Amino acid sequence: MKRLNDIHLRDPFILPVESIRKYYLYGTSGETAWTGKPHGFDVYISDDLQQWDGPYPAFVPEPSFWADQYYWAPEVHEWKGQYYMLASFKSENRCRGTEILVSSRPEGPFAVHGDGPVTPRDWECLDGTLYVDRAGDPWIVFCHEWVQIKDGEICAMRLTPDLKEATGEPITLFKASDAPWVRPVRGDDVFVTDGPFFYTSRTGELLLLWSSFGEEGYAMGIARSLNGDIEGPWVQEQEPFFRKDGGHGMLFHGFAGGLMLPIHTPNKQPLERPHIFRVEDRGGTLAIESALF
């Protein structure tokens, strides 16, 4: 058994499965986040968010798999009775992109689902997340990366109902520099977007958590859709939600109640670890109440 502080992961994503009262933790391996060849993705399993079994292999690529570096930010969503992993991959001669994998079980094994990344093939993209709109239609929301366009963007594309491919053209929800709290990372014109995640508040507000860099390093902010639709328009909180050296978070409800936020902090290799915070849903926004683990 491991505690969170024993698990070297970035970009933590926790999937609660109510029917069996288990939590599943996925993330980017700290050992191969920036160098080396990844072995795939692992999963840890817990009853109480404190003690974790694992790691267990969730995705092990076939030798013919197209990507051999930078396996980043896996997240798992249930959709129509199956479990889908969205994760970012890269190879030397191909742009970084988010591919969708599938399994009948949350622990995997996950297998390739479609024909390569669902993000645009000539874009450098990362951190795809699944969003289901009010009509019940699926979207992928992802980052168009600063390494290609300098001012990183949060973009969205519709997905086919089987989640095998994108359909239609990408739309831009907002740019990193739209947020007053964001600071450039190089010079005065390079701004980062990371880790989008949607949440509908208790009053029906559509919120989008995302990460960048602020006055105190890696941080996380909140954007709000003015009309409740994914197309927006989106407005940014003036101040970051989490401001000091941590981010790439998501939200889930614990089995005993309460809204939980896992992030990695500090944002420094090899010290990064998952941490969980309790969050208050204030309707139009969110607030961190306390650290749990």
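**Entry: the β11–β12 hairpin**

I began at the hairpin of β11 and β12, where 6 residues lie between the strands and leucine 163 takes a positive phi near 65°. I note at the outset that I am reading a predicted model, not an experimental one. I then looked up how the two strands are joined, and found that β11 (residues 153-159) and β12 (residues 166-175) run antiparallel and are linked by 6 bridges. Following one of these strands residue by residue, I recorded phenylalanine 174 in β12 as the bridge partner of isoleucine 154.

**Entry: the enclosed space**

I next searched for closed space, and the count came to 1 cavity of 30 Å³ or more. Its volume is about 60 Å³, and I wrote down its lining as Asp11, Pro12, Phe13, Ala73, Pro74, Glu75, Gly195, Pro196, Phe197, His248, Gly249 and Met250. When I mapped these residues onto the strands, I found that β1 (9-17), β5 (69-79) and β13 (194-200) are the elements that give two or more residues to this lining. By class, the lining of the cavity divides into 7 nonpolar, 3 polar and 2 charged residues.

**Entry: the open pockets**

I turned to the open spaces and started with the largest pocket, which holds about 510 Å³ of space. I counted 24 residues in its lining, and I noted His77, Leu130, Phe197, Phe198 and Leu251 as those that lie nearest its centre. The elements that give two or more residues to the lining of this pocket are β1, β5, β9 (125-132), β13 and β17 (252-253), and β1 gives the most, with 5 residues. I also sorted the lining of the largest pocket by class and obtained 19 nonpolar, 4 polar and 1 charged residues.

For the second largest pocket I read a volume of about 360 Å³. Of the 20 residues that line this second pocket, I found Arg10, Trp34, Trp72, Leu126 and Asp194 to be the closest to its centre. At least two residues of its lining are supplied by each of β1, β9 and α1 (146-149). I sorted the lining of the second largest pocket by class too, and here the residues divide into 9 nonpolar, 5 polar and 6 charged.

**Entry: aromatic rings**

I then listed the ring contacts, and the structure holds 23 aromatic pairs. I looked closely at phenylalanine 65 and tryptophan 66, whose ring centres are 6.1 Å apart and whose planes stand at 45°, so I entered the pair as tilted. Both phenylalanine 65 and tryptophan 66 are buried. A further pair, phenylalanine 213 and tyrosine 218, has ring centres 5.2 Å apart and planes at 50°, so I entered that pair as tilted as well. What differs within this pair is burial: phenylalanine 213, at 26% relative accessibility, counts as partly exposed, whereas tyrosine 218, with a relative accessible area of 3%, is buried.

Going back to tryptophan 66, I asked which residues ring pairs link into a cluster with Trp66. I traced the cluster through Phe41, Phe59, Phe65, Trp66, Tyr71 and Phe89. I finally looked for a charge over the ring of tryptophan 66, and I found that the charged end of arginine 94 sits over this ring, 4.4 Å from its centre.

Key:
Residues numbered from 1 in each chain as written. Predicted model: local features only at pLDDT ≥ 70, side-chain atom pairs only at ≥ 80, totals over all residues. Heavy atoms only, no water. 1 Å grid on protein atoms, 1.4 Å probe; cavity = no way out; pocket = protein on both sides within 12 Å on 5 of 7 lines; lining within 4 Å. Points joined across faces, edges and corners; volume = space filled by probe spheres on them. Helix = DSSP H or I, 4+ residues; strand = E, 2+ residues; numbered from the N terminus. Nonpolar A, V, L, I, M, F, W, Y, C, P; charged D, E, K, R; others polar. Phe/Tyr/Trp six-rings, centres within 6.5 Å; stacked < 30°, edge-to-face > 60°. Buried < 20%, exposed > 50% of the residue type's maximum accessible area, 1.4 Å probe, protein only. Lys NZ or Arg CZ within 6 Å of the ring centre and 35° of its normal. Pairing = 2+ DSSP bridges.
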